[in-house]
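This report describes one protein chain, going from a single residue to salt bridges and then to the whole chain.

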Amino acid sequence: MTTGVSPDRRAALARLLREDADTTDAIPRRSPGASAPLSAAQQRLWFLQCYEPDSAAYNSVRAFRLTGDLDARALEAAFRRLIARHDVLRTVIAEEDGTPVQRALPQVDFALASLDGEAPLRDRLLAFGRRPFDLTRAPPLRVGLAHEPDGSHALLVVVHHIAADAWSHGRLLGDLAQAYRAALADGEGCPLPAPSLAYADFAAWQRARFDGAEGRATLERWSRYLGESVPVLALPVDHPRTARADRPGGRVDFTLPDALCRTITDLCQNRGLTPFVVLLAAWQILLGRLSGQTDFAVGVPNAARNRPELHDLVGFFVNTQVYRVRLDPQVRFLDLCDRLRGEALAFLADADVPFERLIAEADIVRDLQHTPVFQAAFNLRPARDGAALALDGLTAARLDFDIGSAKFDLTLDLAVSAAGIDGQIEYDAGLIDAATAARWRDHFVTLLVGLVAAPERPIQAVSLLAPQDVAELSRFNATAQSFPPAATVLERIAAQARAAPGAIAVVDDRERLTRSDLDARAARLARRLARAGAGPDTLVGLALERSCDLLVATLAILKAGAAFLPLVPDLPRPRLDEMVRDSGLRLLVTTTALAAAWPG
């Protein structure tokens, strides 16, 4: 996985940007057979594998359909030659004095696994690809072969990420083609020549470098950039979080429209930007909109092979660079891109700073429900397809195959080539539904269109709603409804009494009144009140306990056209006297038992 810059260019930029670096020192070879520390990236994967031994999250899978005259015995011999050439494919991880170390074995057993069976091919491939590795045993590689009814073959190559990154697969497939050609000619034959370095040599060198003064200074510099407290990205997920290491994954594929790709190209050429910067800026803005946050982090993988001797070495070199996102809604899109360009160039100078050491130096608090530091990632690849497989006498076509595992809440993976820009959103299917991921994909494309069309505008002025979203919102908000003229409470109660006169309206501990009873009793009392002088602009006191009578009296006062003043009998007597005096009360509805308390 890369950021779209070739390793040669990255190395050249790094030499220009890091004035105090000496890239001519060679990585020393270690004694053959000796134990070596794990690299920083390996150590993190080892920890995760120990925490969740049944997880297949870091199984790296490549699937091919082979058409032609396949020699399965030669293919098996070719893989044995491959394993013999690369120490990392013969490596086991063990603990020495409580510390994990890696040790390359002189030789290991290997055989092609048969994936033939009655189940659908995809189910067989999934079962094989999702099987976890035991990293204390070698090889961290397994290969399955299925024979199809049409005479073709399905080849599935599964490598644990601790032994090989995406860059390594190109080297492995090239070596496999060479080894298969040799095996067709001479069977097991002579082994392939070994590389000048082993991955364990790099791991030991990396450990020594970042334990030294220069490495510690570099780590401190990036720790200051990252800061002590990075807010968790709180995406509006569909399901509650749980503490788990194995994340079921989903995927949404898409292709950016040709017109949009041309606009991005023009913007980059006119403003001195790169597609990496423009696309990362748009992704950060989308994440900010979705979460409502202006401060969070995004992880960006880098091949981290900025030394020539590492270009053809198989192993886990890929490193994660953390971009601290601080969005100002008023900033122009161009200004955000300029800032990211500066950060990207600085990252190129220190592409090999181990992410794992960085978070250790920064003393990041770990939370089992969230990945440390960042929860969303961004990746830009320089081509649509991965490395090709070329086996003599065979046609090999890549199979679109995914074991369905996610490493983060959300990852945007883009491939830029002369033919256009392909995209893929990988999401944690335990948190996010497929429909939500598809909606976020559409938001990203819409937002990107608006940003590159008007890069001088503040980022908050660009909408992420597509025309169909606006139309749907308008439909949701079309709630206008005509109602008949509002009826009064009295009219509504009278209507209910006519509609269901026998229905119970009110109940107390002494009696039950139907709707017709309630209306009739209120009408009789209203007529009596009217004769006593109740009417508009008249205030009638209401001093009753909670009962059916209280409701009858309330309605009666309203029917008489007067207003009522509640006089709760439980209130202190001075307070009640003050209320009567201040209101100038002349009429009172009460009971015989309470009337003595109201002389006059």
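Two residues are in contact when they have heavy atoms within 4.5 Å of each other. The model is predicted: local features need pLDDT of at least 70, side-chain atom pairs count only at pLDDT 80 or more, and totals for chains, interfaces and linings use all residues. Residues are numbered from 1 along each chain as its sequence is written, and side-chain values use heavy atoms, with hydrogens and water left out.

**One buried residue**

Apart from neighbours within four places in sequence, Gln102 touches Ala34, Ser35, Ala36, Pro37, Leu38, Ser39, Gln42, Thr91, Val92, Tyr199, Ala200 and Ala203. Gln102 belongs to strand 4 (residues 99-104); strands (E, at least two residues) and helices (H or I, at least four) are DSSP runs numbered from the N terminus. With a relative accessible area of 2%, Gln102 is buried. Buried means under 20% relative accessible area, exposed over 50%, and partly exposed in between (1.4 Å probe, protein chains only). The side chains of Gln102 and Gln42 make a polar contact at 2.9 Å. Such a contact is a pair of N or O atoms within 3.5 Å; within protein, one must be able to donate a hydrogen and the other to accept it, and residues adjacent in sequence count only if both atoms are side-chain atoms.

**Salt bridges**

Side chains of opposite charge can pair when their charged atoms come close. A salt bridge is counted when a side-chain nitrogen of Lys or Arg is within 4 Å of a carboxyl oxygen of Asp or Glu. The count by this rule is 35. Three of them are listed here.

| Pair | N to O distance |
|---|---|
| Asp175 and Arg85 | 2.7 Å |
| Glu456 and Arg332 | 2.0 Å |
| Asp442 and Arg441 | 3.1 Å |

The salt bridge between Asp175 and Arg85 joins helix 5 (residues 166-186) to helix 3 (residues 72-85), so the pair ties together parts that are 90 residues apart in sequence. Both Asp175 and Arg85 are buried, and a network of salt bridges links them with Arg171 and Asp312. In the pair of Glu456 and Arg332, Glu456 is partly exposed at 38% relative accessible area, and Arg332 is partly exposed at 29%.

**The whole chain**

The chain has 18 helices and 19 strands. Of its 600 residues, 48% are buried. The C-alpha atoms fill a box of roughly 120 × 60 × 60 Å along the principal axes.
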